[in-house]
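The report below is meant to be read beside the sequence and the coordinates, with the named residues located one after another in the viewer.

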Amino acid sequence: MSKDKTTNVLYYPYRIISIFLLVTLFFPGLNVARISGMIGRSTSLLTSGFSYGNLVANFGRAFKKGWVLESTMHLLNISSLIICIGIILCAVGACFSLGNRKCRFTGNLLTAVGTLAAVVSMSGIWKAYFQIAATKKPSKVEPMFQDFYYVMLILLIVLFINAVVQLILVGRPVKGEKFEMETKFKLFLMFLPFILLAFVFSYLPLWGWRYAFFDYKSGDTLSMENFVGFKWFGQLVRNKSTTRDILNVMKNTLAMSGLGIATSWLPMAFAIFLSEIRNSKFRRFVQTFTTIPNFISWVLVFAIAFCIFSTDGFISSLMVNLGIWTEGKNFLMSGSHTWLKMLLWGLWKGLGWSAIIYIAGISGIDQQLYEAATVDGAGRFQKMWHVTVPGLMPTFYVLLLMAVAGILSNGMEQYMVFENSSNTAQIMVLDLYVYKMGIVKGAIPLSTVVGMLKSVVSVTLLWIANSISKLLRGETIV
């Protein structure tokens, strides 16, 4: 077998191990630095290395009593940090393996250095463990050792040997050789960070779905002793109070999402009229003025609303001073027209931002179509209706399909800040209900069940909307 074929074969386990080790940095259950029960179960190796505060959050009394030395935790923190950096270097080296000889040589060198540093730092975790295990009060600090430690150590050693062999086989690059990589690999590496972000924030949290099958309370340990199967799924139907709450929440959620979908054409209309403004300075001013609210947090939006609509707000003060009202009125403490109020606040905050994608779409419409319409005698409104609107409809359909798929996801911040005792029944949407049930009331399994069903329904709605789009328009987004 030639050197090139050998290196290509060796690169498969090289890349797989690198990716696997990188993923383990985010899994708390695979945290080799969790050598004490006082370290939180939700602490990952990445957190252990980059956040000393989170690592020792529960060690205040242990430090004061002398059960654990601060030097031990500093050693653990530094060792974890070096392991994380070493594994990240391995992942970078795996990316370089897609290039030419100079890229591969650099990648192998980074991997060899990273794995060597990580293997040496593993001994730091070993030493920190034995220092904690040798304390006078082991029952207080709960020393423990992760079995995955040996797996990670073996994988790092295998990766180090692989990198050294690759260095020998690939050899040094020719002097003056530049870093080169095929375009398809460049595009893949450009897209890779977004894949990782989607994995960490969208797919990794799905691991939390397991709480739906356990009788779990905050601080408990998942085991077969508290495994209850589909008990909490049946609770949604058996408990009349829960069923009534869910039905009311679904009514509010679907109503507010339905209003959002019914008015989803407004950003497109706003973008069309905005593009028709001939004065460029005024157009930029309007676009900036309507986009800025998107960057204001909902807390500040509520503060603005409070200053205007509260008992001592602008409107009440004005009406009282004019003698129209005898006393001020608090419009925020009213449960009437709550759906409409939330819609209007959402439109004020997001209209300009949502119009940006349509403004970009208008700039992509062929200008010859406008010239042809002018020759045919079309006026401004006719060109808007017969040229601009058809040009933007594909974009509108895609966004509409995504809105239908997310019909159960209203968000939480807006409704949380505007909620009060007078409008709770009308403003409680699904996301806010799940938050209150899981975080405020501590019913984590039941809130997890609701979240799971929400995800399943959303995927189902996306599939149905996509199928309808394919049937009616012959186009899909999935």
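What follows describes nonpolar cores, helix packing and a number of individual residues in a predicted model.

**Nonpolar cores**

The largest nonpolar core has 44 residues, and among these M73, L76 and M152 touch the most other members. Helix 1 (3-24), helix 5 (70-96), helix 6 (101-133) and helix 8 (148-170) each supply at least two residues of this core, and helix 8 gives the most, with 9 residues. The surroundings of L76 can be listed by name: once its neighbours within four places in sequence are left aside, L76 is in contact with A33, I35, I39, L55, I125 and A128. A second core, separate from the largest one, has 28 residues and includes L236, A305, L408 and F418. As a general background to both descriptions, nonpolar side chains in soluble globular proteins tend to be buried together.

**Helices 12, 18 and 19**

Helix 12 (residues 266-275) is mostly covered, since 7 of its 10 residues are buried, namely P267, M268, A269, F270, A271, I272 and L274. The elements that cover these buried residues include helix 13 (280-291), helix 16 (338-354), helix 17 (356-363) and helix 19.

Helix 19 also takes part in a helix pair. Two packed helices are described by the angle between their axes and the distance between the axes. The axes of helix 18 (residues 367-375) and helix 19 (residues 380-405) come within 10 Å and cross at roughly 145 degrees, and the crossing in which helix 18 passes helix 19 is right-handed. Helix 18 brings L369, Y370, A373 and T374 to the contact, whereas helix 19 brings K383, V387 and T388. By character, the residues of this contact of helix 18 with helix 19 divide into 4 nonpolar, 2 polar and 1 charged.

**Two buried polar residues**

Is N252, which is placed in helix 11 (residues 240-262), buried or exposed? N252 counts as buried because its relative accessibility is 1%, and buried means under 20%. A polar atom of the N252 side chain lies 2.8 Å from the backbone oxygen of A425. A425 also appears among the residues in contact with N252 when neighbours within four places in sequence are left aside, the others being W339, Q426, I427, M428 and V429.

T448 has its place in helix 23 and is likewise buried, with a relative accessible area of 14%. Not counting residues up to four places away in sequence, T448 touches G208, W209, Y211 and A212.

**Residues outside the helices**

The segment after helix 23 (444-473) holds T476, which is in contact with N466 and K470 when neighbours within four places in sequence are left aside. The C-alpha atoms of T476 and V398 are separated by 8.3 Å, although the two residues are 78 residues apart along the chain.

F26 sits in the loop between helix 1 and helix 2 (45-50). Not counting residues up to four places away in sequence, F26 touches S44, L46, V200 and L204. From F26 to S42 the C-alpha distance is 9.9 Å, with their positions 16 residues apart in sequence.

Two further loop residues have a positive phi without being glycine. In E142, which lies in the loop between helix 7 (138-141) and helix 8, phi is near 50 degrees. In H337, which lies in the loop between helix 15 (314-321) and helix 16, phi is about 55 degrees.

The accessibility of these four residues is set out below.

| Residue | Relative accessible area | Class |
|---|---|---|
| T476 | 36% | partly exposed |
| F26 | 28% | partly exposed |
| E142 | 43% | partly exposed |
| H337 | 61% | exposed |

Why does H337 count as exposed? The class follows from the relative accessibility of 61%, because exposed means over 50%. E142 is partly exposed because its relative accessible area of 43% lies between the cut-offs of 20% and 50%, and the values of 36% for T476 and 28% for F26 carry the class partly exposed as well.

Technical notes: Residues are numbered from 1 along each chain as its sequence is written. This is a predicted model: local features need pLDDT of at least 70, side-chain atom pairs count only at pLDDT 80 or more; totals for chains, interfaces and linings use all residues. Side-chain values use heavy atoms; hydrogens and water are left out. A nonpolar core is a set of buried Ala, Val, Leu, Ile, Met, Phe, Trp, Tyr and Cys residues joined through side-chain atoms within 4.5 Å. Buried means under 20% relative accessible area, exposed over 50%, partly exposed in between (1.4 Å probe, protein chains only). Helices (H or I, at least four residues) and strands (E, at least two) are DSSP runs, numbered from the N terminus. Contact means heavy atoms within 4.5 Å. Axes are lines fitted to C-alpha atoms, for helices over the stretch in contact, and angles run from 0 to 180 degrees between N-to-C directions. A crossing is left-handed if the near helix is turned anticlockwise from the far one by less than a right angle, and right-handed if clockwise. Ala, Val, Leu, Ile, Met, Phe, Trp, Tyr, Cys and Pro count as nonpolar, Asp, Glu, Lys and Arg as charged, and the others, Gly among them, as polar. A polar contact is a pair of N or O atoms within 3.5 Å; within protein, one must be able to donate a hydrogen and the other to accept it, and residues adjacent in sequence count only if both atoms are side-chain atoms.
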